[in-house]
Structure formats: C-alpha cells, structure tokens
Amino acid sequence: AYLINHRGINKDVVYAFAHRGMIYESADYHNAVFVGCDTNGVPRHAHKRGSGQTSTYKGNVDSSLPEYSFHWNGTSNRVFLFEAPIDMLSYITMNPNGWQQNTYAASCSVADRVLFQCLKDNPNLTEVCLCFDSDTAGQSAAKRISDKLFAQGYKSEILVPAKKDWNEDLIMQKEGEQAWTEQSY
C-alpha cells in the first residue's frame, strides 16, 4: 500500500517484484524491504525503507552484500542504475513499455558495486543508463561512474530527473494527470 498509494508506483510493477519475493513488508516495523539475489536466486542483500507517513528510516540489513543489492535482470543490452529502489520502481512506472526486458539496479547509495556485478553476470549488457538524483552527490557519482565505464569500453548515458529524484518526478506527473482529469469535467 505504501509503494502504490503514497509513492505512486504502478501496482503491476510492485506485484511483479513481490511475486518474485523481491519486495515484502517486514512484520516488526512494517518497513518496505527490497531484496537482491545472486545468480542462483539466493538472497544476498536487503534494503529497508520506513513506510510510515513521517518515517525517514532507510538502511541496508547488516551483512548485506552491496554487489547484489535490489535489481532486475532483463534480456536486452541495457542496464539502468539508480540510487534507491523507490526511484528505480518510479522510473519503471513512468516508462512501462517492455520494462521487463531491461536490467535495473538500485545501489542503495551512490556506489557502483551492483552495476559492475550486473555487468559481470550479464555479458549481454553493453549500454548503461546512470539515473542518479539531480543533486551534487548523485551527479558527481554519475560522472565518476561514467568515466569508469568509458575506460572499460561501455557506452553510458546520464539521465537526470527534472526534480530531485525519480519518485518526485512520478508524483509530479501523477499530480499533473489528476489536475488534467479534474479540469476535463
């Protein structure tokens, strides 16, 4: 409910990840939990995000391996890297056509470990879209990772959200759609 109602993420997107056991609600604090698995499907990383109206809690579970943070393996040659799972899901919601074919990863930081693990595990990946926040930390990291990718022979592109992050863009888009619908009557 938090992801769909509060964050505006498409229910079919949430269900696709939940069906695979990659998103669930923790029993203790009702946090949204985002699970990343290794190539054998073994959970190796979990990121928790508080789901209360005023909660700002977020953090990785102790002993999580950052190279396996929350990600989706597709079959195309493109991978999209995000700072946070909610931004990744927001981007997918705004770009739903054939989303399952692409690979997506959330670093749960501004690091690149999950990206390079995805590139290692999926040799079909040749193009990288860096989708970090539009703040100084996010864009500095995107530039640093882009330079590193270039040196390794990968094609990369930096995508920047209009607002601070992709979830803010999604919320703005939904508010615009609602205003348009209300004006139509």
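Trainee: Why does Asn 102 count as buried?

Mentor: Asn 102 has 15% relative accessibility, and buried means under 20% relative accessible area (over 50% is exposed, in between is partly exposed, with a 1.4 Å probe and protein chains only), so Asn 102 counts as buried. This is a predicted model, in which local features need pLDDT of at least 70, side-chain atom pairs count only at pLDDT 80 or more, and totals for chains, interfaces and linings use all residues. Residues are numbered from 1 along each chain as its sequence is written, and side-chain values use heavy atoms, with hydrogens and water left out.

Trainee: What makes the pair of Asn 102 and Tyr 104 a polar contact?

Mentor: Their side chains meet at 3.4 Å, and a polar contact is a pair of N or O atoms within 3.5 Å, where within protein one must be able to donate a hydrogen and the other to accept it, and residues adjacent in sequence count only if both atoms are side-chain atoms.

Trainee: Which residues does Asn 102 contact beyond its neighbours within four places in sequence?

Mentor: With contact meaning heavy atoms within 4.5 Å, Asn 102 touches Trp 72, Asn 73, Gly 74, Ser 76, Arg 78 and Phe 80.

Trainee: What makes a group of residues a nonpolar core?

Mentor: Such a core is a set of buried Ala, Val, Leu, Ile, Met, Phe, Trp, Tyr and Cys residues joined through side-chain atoms within 4.5 Å. The largest one here has 28 residues, and Leu 3, Phe 17, Phe 70, Leu 89 and Tyr 104 are those with the most contacts inside it.
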